[in-house]
Amino acid sequence: MRKKIIAGNWKMNMTPSEAKALCETLKPLVAGSSADIVFCVPAIDIVPVVEAVRGTNIRVGGENLYFEDKGAYTGEISADMLKDAGAEYVIIGHSERRGYFAESDADINKKLKKALEKGLNPIVCCGESLEQREQGICFDWIRMQLKIAFDGISKEDAEKVVIAYEPIWAIGTGKTASADQAEEVCAAIRELISELYGAKTAECIRIQYGGSMNAGNCRELLGKPNIDGGLIGGASLKAEFGEIANSGR
Ligand code: PGA
């Protein structure tokens with residue numbers, strides 16, 4: 001039985017002081033959750049958030065990393081920096097990184113390899129645009145994204161990866177994929193992992209849905225057999241995140 005993983009993606013929200021206050025609000029609300037709880041926060045918030053959630057069931061993650069170890073890469077964050085600051089997870093290849101910052105599938109593959117080499121738990125995002133869905137190439141597109149992301153990754157490492165299926169048209173739009181649409185794609189992703197690594201790896205890898213998940217729709221989405229959690233943007237900044245965290249119980 002796969003343990004659910006409910007992760008917040010704070011995006012570019014919360015100053016360090018606001019972050020500490022949000023942690024105080026959310027800590028008691030997620031304390032009883034049977035899922036893994038992760039707050040993926042802006043780099044500057046990692047240290048204060050790690051401090052604020054110490055001793056609780058909340059783990060902390062970054063929202064991005066760079067694939068080189070160190071050096072002249074102004075503005076970038078390394079895996080060692082994330083780890084030393086106390087982050088245990090990292091989001092890789094979010095559609096906003098791909099779209100606004102021109103991250104390629106090849107970059108995402110390098111980032112995934114670096115995160116695994118350094119012992120960070122990666123959350124790798126994939127997802128189609130509305131146009132791609134309407135063109136009927138959703139599955140082909142996601143298979144391509146994931147095949148490149150996992151290129152050269154061992155079976156042992158693949159099992160440590162969390163995949164987040166996030167249809168771009170559902171992110172921040174209030175337009176959620178229906179539970180059946182989300183399940184269909186998550187099942188296809190599991191099928192791809194089975195093709196690449198075999199049935200056992202496919203059985204244990206966790207696949208999240210992300211895109212306007214909220215307290216109202218989370219039960220139906222998380223009730224689907226191939227949806228093992230959520231990557232939550234807008235609703236992770238509110239007390240509502242506590243309801244999502246507890247919806248699996
Ligand atoms: P949303 O964001 O929940 O605000 O749609 C999800 C995400 O981008 O990870």
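# Chat about a predicted model

Me: What share of the contacts between residues at least 6 apart in sequence joins residues at least 24 apart?
Reply: 73% of those contacts in the protein chain. Keep in mind that this is a predicted model.

Me: OK. How many helices and strands does the chain have?
Reply: Twelve helices and eight strands.

Me: And how compact is the chain for 249 residues?
Reply: As compact as a globular protein of that length, because its radius of gyration is 17 Å and the globule rule gives 18 Å.

Me: What does the C-alpha trace span along its principal axes?
Reply: About 45 × 45 × 35 Å.

Me: How many of the residues count as buried?
Reply: 53% of the 249.

Me: What about the accessible surface?
Reply: The total is about 10,900 Å². Carbon and sulfur atoms account for 52% of that.

Me: Switching to charges. How many positive and negative ones are there?
Reply: 30 positive and 36 negative. Their mean positions lie 4 Å apart.

Me: Now cysteines. How many disulfides?
Reply: The count is zero.

Me: Why is C23 not bonded to C40?
Reply: The two sulfurs are 12 Å apart, which is too far for a bond. C40 holds the closest cysteine sulfur to that of C23.

Me: Is C23 buried or exposed?
Reply: Buried, at 0% relative accessibility.

Me: Which cysteine sulfur is nearest to C126?
Reply: The one in C125, 7.6 Å away. A disulfide needs the sulfurs within 2.5 Å, and C126 is in none. C126 is also buried, with a relative accessible area of 3%.

Me: New topic, backbone. What is the phi of K11?
Reply: Positive, about 60°, although K11 is not a glycine.

Me: Where does K11 lie?
Reply: In the loop between β1 (5-9) and α1 (16-30). K11 is buried, with a relative accessible area of 19%. The cut-off for buried is under 20%.

Me: And the phi of A102?
Reply: A102 has a positive phi too, about 55°, and it is not a glycine. A102 sits in the loop between α4 (95-100) and α5 (105-117).

Me: Is A102 buried or exposed?
Reply: Exposed, with a relative accessible area of 62%.

Me: Last one, E191. Where is its place?
Reply: In helix α9, which covers residues 179-197. E191 is partly exposed, at 47% relative accessible area.

Me: What separates the C-alpha atoms of E191 and Q132?
Reply: 20 Å in space, and the two residues are 59 apart along the chain.

Methods:
Residues numbered from 1 in each chain as written. Predicted model: local features only at pLDDT ≥ 70, side-chain atom pairs only at ≥ 80, totals over all residues. Heavy atoms only, no water. Helix = DSSP H or I, 4+ residues; strand = E, 2+ residues; numbered from the N terminus. Rg over C-alpha atoms; globule rule 2.2 N^0.38 Å. Buried < 20%, exposed > 50% of the residue type's maximum accessible area, 1.4 Å probe, protein only. Contact = heavy atoms within 4.5 Å. Areas by Shrake-Rupley, 256 points an atom, 1.4 Å probe, with all protein chains shown as cover. Lys, Arg positive; Asp, Glu negative; His and termini not counted. Charge placed at Lys NZ, Arg CZ, Asp CG, Glu CD.
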